[in-house]
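Open the model in your viewer and keep the selection box handy. We will go from stop to stop, and at each one you pick something and look at what is around it.

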Amino acid sequence: MPAAPVSDSLALIDLAGAEFHLVDPRAPHLRVDDLAPHRGDGIFETVLVTRLAGADHVHARELHFSRFRASAAMLDLPAPDPTLWHAALDAVIADHREQRGDDEAFTVRYSMSRGLAEASGWVLSIPLDAKYPGQRAHGIDVITLDKGFPAYVGQSAPWMLIGAKTLSYATNQAAARWAASQGADDVIFLSHDGRVLEGPTANVVIRRGGELLTPDPKAGLLHGTTQQTIFAHAAEAGLLCSYTDLTVDDLTAADGVWLTSSARISVPLNTLDGEELRRDPELSEQMLAWVLGG
């Protein structure tokens, strides 16, 4: 897999002192025995930043931060102070834009680690992957993989942290590598009892006539902010939007299938496990407009 794009701006957050400082993102800052790199013991969010009406706009800012707070609570981390974190986010955006000096969209990731003696946090800007526009325009080929647990297991096993956006992404990265080794672009995870869950970094949305459907987050997946944004606009446009259990048969019979995420926004699927899927280019364009419109 290609190396991750280099960050342009970084803010380190002093949670105890309720302050942050912009620092050189290429200099060392994190100890290797910090519980984030050492054990993946922490949380994060990634927001999309674009230019709207001549100003930088953070898409789904409050949805992301609400999920960040919920993840912190699930991991027994300190409750994040919105004033501090939003100020650091805005400072990184301004610093990134000052260095780049263009209107290109980018993402900002903010993270909290359990640290060592106390929790630590940081915010960094990340350029968008160059392949995303092509995926949105031309679609992707996806395979299914067994997630290894039954649907709704999180209801009886809360310590599995299903629904928290943690820094422990080794399985997600391994799934993406497996997809590439099989000649596919991405993965959709299935529960061990055959219900559709999510992609490694995306939610699944399908269209069935005048209805949009997505798996119930309680089944064992992350409640996506982009999916919520699309559903809110789709409902205003007269589409019925539902959270429900889905199977592979539901996807192959659908009028369109998409993976949705903050960075890629909405990407249509061309094939699933080698089977051709229906495409809905008009709704693909509408999803993009709904998200980028604000």
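Select histidine 86 and show what surrounds it: leaving out residues up to four places away in sequence, histidine 86 touches Arg61, Glu62 and Phe65. Touching, or contact, means heavy atoms within 4.5 Å. Histidine 86 sits in helix H3; helices here are DSSP runs (H or I, at least four residues) and strands are too (E, at least two), numbered from the N terminus. With a relative accessible area of 14%, histidine 86 is buried. The cut-offs are under 20% for buried, over 50% for exposed, and partly exposed in between, using a 1.4 Å probe and protein chains only.

A word about what you are viewing: this is a predicted model, in which local features need pLDDT of at least 70 and side-chain atom pairs count only at pLDDT 80 or more, while totals for chains, interfaces and linings use all residues. Residues are numbered from 1 along each chain as its sequence is written, and side-chain values use heavy atoms, with hydrogens and water left out.

**Next stop: H2 against H3**

Now colour helix H2 (61-74) and helix H3 (82-100). Which residues meet here? From H2 come Arg61, Glu62, Phe65 and Phe68, and from H3 come Pro82, Trp85, His86, Leu89 and Asp90. Sorted by class, this contact holds five nonpolar, one polar and three charged residues. In this sorting, Ala, Val, Leu, Ile, Met, Phe, Trp, Tyr, Cys and Pro are nonpolar, Asp, Glu, Lys and Arg are charged, and the others, Gly among them, are polar.

Turn the view to see how the helices cross: the axes of H2 and H3 come within 12 Å, at roughly 130 degrees. Axes are lines fitted to C-alpha atoms, for helices over the stretch in contact, and angles run from 0 to 180 degrees between N-to-C directions. H2 and H3 are therefore oblique to each other. Angles under 35 degrees count as roughly parallel, over 145 as roughly antiparallel, 65 to 115 as roughly perpendicular, and the rest as oblique.

**Into the core**

Select Trp85, Val108 and Val123, the residues with the most contacts inside the largest nonpolar core, which has 24 residues. Such a core is a set of buried Ala, Val, Leu, Ile, Met, Phe, Trp, Tyr and Cys residues joined through side-chain atoms within 4.5 Å. Two or more residues each come from strand S1 (10-14), strand S3 (42-52), H2, H3 and strand S5 (106-113). H3 gives the most, with six residues. In soluble globular proteins, nonpolar side chains tend to be buried together.

Stay with tryptophan 85 for a moment. Setting aside neighbours within four places in sequence, its contacts include Ile13, Leu15, Phe65, Phe68, Tyr110, Met112 and Val123. Elsewhere there is a second, separate core of 18 residues; Val142, Val196, Leu259 and Leu269 are among them.

**Following H2 to H6, then H8**

Select H2 again, this time with helix H6 (residues 225-236). Leu63, His64 and Arg67 in H2 meet Thr225, Gln228 and Thr229 in H6. By class, that is one nonpolar, four polar and one charged. The axes of H2 and H6 are 9 Å apart, at an angle of about 135 degrees, and that makes H2 oblique to H6.

Keep H6 and add helix H8 (residues 281-292). How do these axes cross? They come within 9 Å, at roughly 105 degrees, so H6 and H8 are roughly perpendicular to each other. Thr226, Thr229, Ile230, His233 and Ala234 in H6 meet Met287, Trp290 and Val291 in H8. This contact has five nonpolar, three polar and no charged residues.

**Last stops: the loops**

Go to glutamate 104, in the loop between H3 and S5. Is it buried or exposed? At 54% relative accessibility, glutamate 104 counts as exposed. Draw a distance from its C-alpha atom to that of leucine 128: the two are 24 residues apart along the chain and separated by 8.9 Å.

Then pick alanine 18, in the loop between S1 and strand S2 (19-23). Its phi is near 55 degrees, a positive value in a residue other than glycine. Alanine 18 is partly exposed, with a relative accessible area of 47%.

Finish at tyrosine 152, in the loop between strand S7 (140-146) and helix H5 (170-181). Phi of tyrosine 152 is also positive, near 70 degrees, and tyrosine 152 is partly exposed at 26% relative accessible area.
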